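Work through the following exercises with the sequence and the coordinates open beside you. Each task is followed by a solution that proceeds step by step.

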Amino acid sequence: QRSPTKGMAAQEGPTKSTDHDAVVSVRVGSRGPYGVVLEDDGSGRAAVIRGWEKVEGKSGPVERHGGVRPGDVLVGVNETATAELSFGQVLELLRDESSLKKVLHFSSRAEVERRRGARGLARTGHEAPRFSSRVRRSRVQEPVGGAAPFAEYEIACALRVDATRVEHVAVRKWLLWRRYSEFEKLETQLRKSLGWQLEGAPFPPKHPFALDKLSADFLEQRRLDLDAWWQRVVSVDRACDFHMHHCDPALKKFLQADTFLAEDPTPPRDDEAPARRPRASKPIGRPASLKSGLSKRRLAASNSLKKDAPKLTAKPATDTPRDPAPPPPPRDDLPAPDPARAALLTQISSINLDD
C-alpha cells in the first residue's frame, strides 16, 4: 500500500486505489456526512478511516469511490495538508462549509510513514537530497533591434545519479536562465499538479507600480523572493526525481532536464592521463611461464599415472631348464702360439721375489 507523496498529482476515479497509487482524491459535497468513521493515528495526529457508515441507507461518497480502504489516512482537504495536523483540526476542516466544493485526499498508512521517515532523514542530515537547486543571480538582457530590455535569473541545478565508475561521484550539474514570466507560468502549472503540497509557498508578486524593475536593488530582492519560493518547490517529495517516471513533467520541462541528463555525468578529470593505445599482440608461441606451467602439469600427470599403475611381479618359470650353451668353436684366423714366448712366461712366473 502507498500513501500520498509529494511531487505527484492527486488522482481520482474508480480505477485509482491507495493499494497502488500514491494519493487518491474524492470529490464530496461541502456539507457532510460523508459515510466514514474516523479516528486519530494513535498519536493524536491526522484522521484514519476506521470503517463505514450508511448515509440515508446508502453508502457514502468515499466508500462508493472504491479506491479507498479502512486504515487509509486523510492527508488533505482541498489544498490543506492534514497528515501532520491534530485530529481535532482535521475534523474542523471537514465541518467547514465555506467552500463550494470539497476534495478529500487519501493515502495508505504505510506511505504516510514512509514520507515521515524521509523527512526525518532530511532533517537529521543522514541522507543528502538527490536534487538541489537555487536561484543564484540576475542579469539584464538588452536585445538587438530596439526591443525593451528584460531581466533573467540564473538557476543552478545538481542531480545525483547512479555512478557508472566507482572512482567518480556521479553528479550532473547545469545552469540555465529564466525570466520572471516563465517562473510565473510554471507556478500556475505546479498549482494544478502539486496542489496542496505547495501550501505555504507564496509566489513573489509582480509589483506593477515599481518605478525601476531593472535596478540592482529590485532585481536582488526579487531574486531572494524567487529563491525562497523555489526552495519550497524543489523540496516536494519525488517532484525532482527527473531520472524516474514519477517526477513532475512541468518542472522537468522548465529545467530542460531531458537535455542535461543525456550528457555524460562523469567526464574525465584534468589530472587523468590520456588512455594509451593497446599494443598489437604478436603470435610468438606460448610464453615461458605458460610453458613451465604446462611442463609442471604434464610432470604431475605422469607421476600420477606411474603411481596409479599396477605393479608387475615376476612369476617363477614353469618350463624345464635349458642346456648350457656349447663353447664357441675355435677360430682358424687366430695366430698360432709362440713356443719361445711361452717358455719365457713360465720362467718369469717361477721367480720368487722374496729370495
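**Exercise 1.** Determine in which helix phenylalanine 260 is placed, and decide whether phenylalanine 260 is buried or exposed.

Solution. Start with the position along the chain: in this predicted model, phenylalanine 260 belongs to helix H7, which covers residues 257–261. Next, take the relative accessible area, which is 17% for phenylalanine 260; because buried means under 20%, phenylalanine 260 counts as buried. Then look for its partners: once neighbours within four places in sequence are set aside, phenylalanine 260 is in contact with Arg172, Trp174, Leu175 and Leu255. Finally, consider one of these partners, leucine 175, which is 85 residues away from phenylalanine 260 in sequence, while their C-alpha atoms are 9.5 Å apart in space.

**Exercise 2.** Work out in what order strands S7, S8 and S9 are arranged in their sheet, and find which helices pack on that sheet.

Solution. First, establish the order: the 3 strands form an open sheet arranged S7-S8-S9, with antiparallel pairing. The edges are taken by strand S7 (131–141) and strand S9 (171–178), each of which pairs on one side only, and from one strand to the next the twist averages 15 degrees. Second, examine one pairing in detail: S7 and strand S8, residues 150–160, are joined in the antiparallel sense over 10 bridges, and phenylalanine 131 stands opposite leucine 159 in S8. Third, add the helices: helix H4, residues 180–193, lies across S7, S8 and S9 and runs at about 110 degrees to S9. Helix H5, residues 216–234, packs on the sheet as well, where H5 touches S7 and S8 and has a direction that makes about 155 degrees with that of S7.

**Exercise 3.** Find how many disulfides the whole structure contains, and describe the surroundings of cysteine 157 and cysteine 240.

Solution. Begin with the overall count, since a search of the whole structure finds 0 disulfides. For cysteine 157, the nearest cysteine sulfur is that of cysteine 240, at 8.6 Å; because a disulfide requires a pair of cysteine sulfur atoms within 2.5 Å, cysteine 157 is in no disulfide. Apply the reasoning to cysteine 240, whose nearest cysteine sulfur, that of cysteine 247, is 8.4 Å away, and which is likewise in no disulfide. As for accessibility, cysteine 157 is buried, with a relative accessible area of 4%, and cysteine 240, at 4% relative accessibility, also counts as buried.

**Exercise 4.** Identify which side chain makes a polar contact with the side chain of threonine 18, and then describe the strand that follows the segment holding threonine 18.

Solution. Locate the residue first: threonine 18 is found in the segment before strand S1 (24–28), and with 0% relative accessibility threonine 18 counts as buried. The polar contact is made with the side chain of aspartate 72, at 2.7 Å. Moving on to S1, this strand is mostly covered, for 4 of its 5 residues are buried. S1 pairs in the antiparallel sense with strand S6, residues 102–107, over 5 bridges, and within S6 phenylalanine 106 is the bridge partner of valine 24.

**Exercise 5.** Explain what is unusual about the backbone at proline 33, glutamate 56 and asparagine 78.

Solution. The general background is that most residues other than glycine have a negative phi, and most peptide bonds are trans. Against this, glycine 32 and proline 33 are joined by a cis peptide bond with omega at about 5 degrees, and proline 33 lies in the loop between S1 and strand S2 (36–39). Glutamate 56 has a positive phi, near 55 degrees, and is placed in the loop between strand S3 (48–52) and helix H1 (61–65); its relative accessible area of 79% makes glutamate 56 exposed. Asparagine 78 also has a positive phi, near 55 degrees, and lies in the loop between strand S4 (73–77) and strand S5 (80–81). Asparagine 78 is partly exposed, with a relative accessible area of 24%.

Note on methods
Residues numbered from 1 in each chain as written. Predicted model: local features only at pLDDT ≥ 70, side-chain atom pairs only at ≥ 80, totals over all residues. Heavy atoms only, no water. Pairing = 2+ DSSP bridges. Helix = DSSP H or I, 4+ residues; strand = E, 2+ residues; numbered from the N terminus. Axes fitted to C-alpha atoms, helices over the stretch in contact; angles between N-to-C directions. Contact = heavy atoms within 4.5 Å. Buried < 20%, exposed > 50% of the residue type's maximum accessible area, 1.4 Å probe, protein only. Polar contact = N/O pair within 3.5 Å; in protein donor to acceptor, adjacent residues only side chain to side chain.
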